[in-house]
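User: I'm new to this one. Can you walk me through it?
Analyst: Here it is; ask away.

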Amino acid sequence: MGTIRLTMAQALVRFLSRQYVEVDGKRRPFFRGVMGIFGHGNVTGIGQALEQYKDEMLFVQGKNEQGMANAAIAYAKQKNRLETFACTTSIGPGALNMVTAAGTATINRIPLLLLPGDIFAGRQPDPVLQQIEVTHDYTVSVNDAFKPVSKYWDRIVRPEQLMTAALNAMRVLTDPAETGAVTLSLPQDVQCEAYDYPEEFFAGRVHTIDRRPAAPAAVARAAELIRGKRRPLLIAGGGVHYSGATDELVRFAESFGIPVAETQAGKSAIAWNHPLGFGGVGATGTLAANRLAAEADVIIAVGTRLSDFTTASKTAFRHPQAEIVNINVNAADAAKLDGIPVVADAREALAALGEALRSAGYAAGYDKAELAALKREWDAEVDRLYAVEREDGLAQTRVLGVINEFVDERDVIVCAAGSLPGDLHRLWRCEKPKTYHMEYGFSCMGYEVSGAFGVRLAEPDGEVYALVGDGSYLMLHSELVTSLQEGRKITVLLLDNGGYQCIHNLQRANGSEGFGNEFRERGADGQLSGDCLTIDYAAHASALGAKTFRARTAEELRAALNAAKAETRSVLVDIKVLPGTGTDNYESWWRVDVAEVAESEKVHAAYGAMREKLKTARPY
């Protein structure tokens with residue numbers, strides 16, 4: 001067996017460039033490239049290796065470590081987890097800036113390889129710049145903070161350890177059930193140490209993602225349960241997209257006349273205008289979907305984690321005989337809500353369950369006229385909200401209506417946090433799969449701009465729009481510069497409502513008068529009660545190099561959208577919207593606990609309402 005002498009970092013880069021995934025007989029490289037910001041902890045190790053192999057591995061220069069990792073997540077999500085980027089940083093703050101992104105990847109089940117530099121394994125120069133000394137355990141560095149948010153974590157303290165670590169990393173990254181953030185901590189001296197690696201370690205390695213079939217007994221149990229039910233409801237989660245099961249989902253729904261509701265990750269699995277498509281469900285759901293959920297006697301949950309937003313904090317499914325069938329490739333998710341688990345690939349499970357129900361002659365008991373009337377009622381509500389006109393400014397729902405009418409059916413919108421996810425989940429009308437890119441597992445503020453850049457890397461055609469509030473934009477917008485550097489146009493639609501208005505609304509809905517959430521100057525009373533801050537976001541983005549427009553009316557917004565589409569470089573449209581002009585709950589609830597004792601009578605009342613609502617929730 002031949003060997004080749006390389007540094008550990010060189011071996012890692014060479015290994016990554018030769019990893020492939022194969023699903024349904026189609027093979028593709030798994031790593032599109034490496035995103036990085038260099039510092040003393042990685043520039044002479046990984047940095048040197050990337051320079052040496054620059055023709056084999058694309059390098060994208062990040063501007064913020066969390067931002068570039070968010071972009072990598074968005075890329076992998078848009079590619080249905082079949083491609084990703086690795087992310088490299090220096091030690092200390094550069095590494096820690098990626099911890100939030102690691103949580104975002106893991107909670108959303110998205111493959112993300114993180115390569116933070118680490119302190120010296122040899123310890124000769126300890127303590128080094130940016131080293132936190134844990135005096136009771138000198139094996140600990142800041143990179144141990146990645147452990148609780150990683151699906152696999154390792155520290156490579158000898159160059160030969162790379163081989164087992166890299167193979168374990170690929171095992172997790174390509175596992176549909178267990179994927180998430182993988183962190184390989186790389187001490188800066190070990191990155192530069194050489195070793196005689198076996199040549200076969202660098203042979204092209206294909207990781208086949210086999211579709212997990214549903215166990216016949218599990219299918220039989222699920223079919224038997226469904227056969228006895230008259231009002232089933234399908235809930236499409238992100239797993240429907242990741243398994244490429246959107247066509248199978250629609251076929252299943254049509255075969256048995258079952259309405260479909262969607263999670264944030266599952267939205268766009270069925271076209272908004274399909275007779276069986278009823279939109280978002282749960283705390284941010286549509287009136288139509290939430291009424292169906294309340295009356296459903298069986299929920300068929302496909303590829304969803306069944307989070308509190310989807311289940312309305314476990315109050316959504318109120319039929320006294322309501323039961324759950326969980327189709328999920330992840331066994332832990334399939335066991336949620338004490339449902340009947342079908343642990344399998346979504347496409348395979350829907351096909352098998354559909355065959356079993358067809359053989360039994362099953363059909364749902366819905367009256368088509370009932371479903372059509374419910375859909376018409378909600379469509380009329382969306383039309384009303386999209387058309388809201390205010391003399392004092394733009395309502396948020398009006399802004400979304402103008403944008404939704406303007407975009408092409410294959411353009412992609414990206415969002416993550418604030419009041420926009422709720423409005424979009426309820427109102428946005430998707431016609432094609434993968435055109436609604438919402439990070440709502442972590443609802444990570446600042447994901448929007450960097451996520452749009454990642455989506456643009458994955459989707460070179462059409463337009464990519466980042467819908468972002470002013471609060472999220474201020475938190476993280478640096479990859480707007482990276483989009484300009486890479487020549488990857490994104491359009492940032494910034495809705496400025498003067499603060500963290502989503503939480504401001506939540507605060508006031510639970511007894512508060514409103515405190516600490518609007519962007520105001522400190523007033524004469526010593527509180528943040530003065531004049532609203534005046535921030536020119538268009539001027540800011542223009543200074544970064546983006547083309548910018550401003551919109552204060554619906555007509556100005558239409559003109560800005562048309563002008564933005566004609567541009568070839570990244571654009572920001574500064575849109576002023578009135579606070580508190582989004583949507584509200586539609587027969588739904590989200591649990592946010594309220595102070596049990598307080599001086600305010602409004603808080604007392606809110607606490608009592610919360611306790612009453614809890615009585616209607618499932619206990620587990």
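User: Before we start, what counts as a contact here?
Analyst: Contact means heavy atoms within 4.5 Å. Keep in mind too that this is a predicted model.

User: Okay. Where does Asn70 lie, then?
Analyst: Asn70 is part of helix α3, which covers residues 65-78.

User: Is Asn70 buried or exposed?
Analyst: Buried: the relative accessible area of Asn70 is 0%.

User: What is Asn70 in contact with, beyond its neighbours within four places in sequence?
Analyst: Asn70 is in contact with Ala101, Cys444, Gly446, Tyr447, Ser450, Gly451 and Leu476.

User: Let's do sheets. What is the strand order in the open sheet of six strands?
Analyst: The order is β19-β18-β20-β21-β23-β22, and the pairing is parallel. β19 (436-438) and β22 each have a single partner strand, so they stand at the edges with one side lacking a neighbour in the sheet. From one strand to the next, the twist averages 20 degrees.

User: How many bridges join β20 to β21?
Analyst: Five, between β20 (residues 464-469) and β21 (residues 491-496), and the two strands run parallel. Within that pair, Val468 has Leu494 in β21 as its bridge partner.

User: And in what sense do β22 and β23 pair?
Analyst: In the parallel sense, over five bridges; β22 is residues 547-551 and β23 is residues 571-576. Thr548 stands opposite Leu572 in β23. Between the two strands the chain passes through helix α22 (residues 554-566), making a β-α-β crossover that is right-handed.

User: Which strands does α22 lie across?
Analyst: α22 lies across β21, β22 and β23, at about 165 degrees to β22. Helix α21 (residues 537-544) also lies across β21, β22 and β23, and runs at about 170 degrees to β22.

User: Back to β21. Which residues does Asp496 touch, not counting those up to four places away in sequence?
Analyst: Asp496 touches Asp470, Ile535, Tyr537, Asp574, Ile575, Lys576 and Val577. Asp496 is found in strand β21 and is buried, with a relative accessible area of 10%.

User: Ile575 rings a bell. Which residues touch the most other members of the largest nonpolar core?
Analyst: Leu424 and Ile575, in a core of 97 residues. Leaving aside neighbours within four places in sequence, Leu424 is in contact with Lys267, Leu400, Ile413, Cys415, Tyr436, Met438 and Leu467. Another core, of 50 residues, lies apart from the largest one and includes Ala69, Ala72, Ala452 and Ala458.

User: Why would nonpolar residues group like that in general?
Analyst: In soluble globular proteins, nonpolar side chains tend to be buried together.

User: You mentioned Cys415. How many disulfides does a search of the whole structure find?
Analyst: Zero.

User: Why is there no bond from Cys415 to the closest cysteine sulfur?
Analyst: The closest cysteine sulfur is in Cys502, 10 Å from that of Cys415, which is too far for a bond. A disulfide needs the two sulfur atoms within 2.5 Å. Cys415 is also buried, with a relative accessible area of 1%.

User: What about Cys532, how far is its sulfur from the closest cysteine sulfur?
Analyst: 18 Å, again to Cys502, and so too far for a bond. Cys532 is partly exposed, with a relative accessible area of 43%.

User: Switching topic: what is the order in the open sheet of three strands?
Analyst: β3-β2-β11, with mixed pairing. The edge strands, β3 (26-29) and β11 (205-208), each pair on one side only. The twist averages 30 degrees from one strand to the next.

User: How do β2 and β3 pair, parallel or antiparallel?
Analyst: Antiparallel, over four bridges, with β2 at residues 19-23. Lys26 in β3 is the bridge partner of Val23.

User: Last one. Where is Ala296 found?
Analyst: In the loop between α11 (287-295) and β15 (298-302). Ala296 is buried, at a relative accessible area of 0%. Setting aside neighbours within four places in sequence, Ala296 is in contact with Arg231, Leu233, His319 and Ala322.

User: And how far apart are Ala296 and Ala606?
Analyst: They are 310 residues apart in sequence and 29 Å apart in space, C-alpha to C-alpha.

Technical notes
Residues numbered from 1 in each chain as written. Predicted model: local features only at pLDDT ≥ 70, side-chain atom pairs only at ≥ 80, totals over all residues. Heavy atoms only, no water. Pairing = 2+ DSSP bridges. Right-handed = clockwise from strand over helix to strand, strands pointing away. Axes fitted to C-alpha atoms, helices over the stretch in contact; angles between N-to-C directions. Buried < 20%, exposed > 50% of the residue type's maximum accessible area, 1.4 Å probe, protein only. Core = buried A, V, L, I, M, F, W, Y, C linked by side-chain atoms within 4.5 Å.
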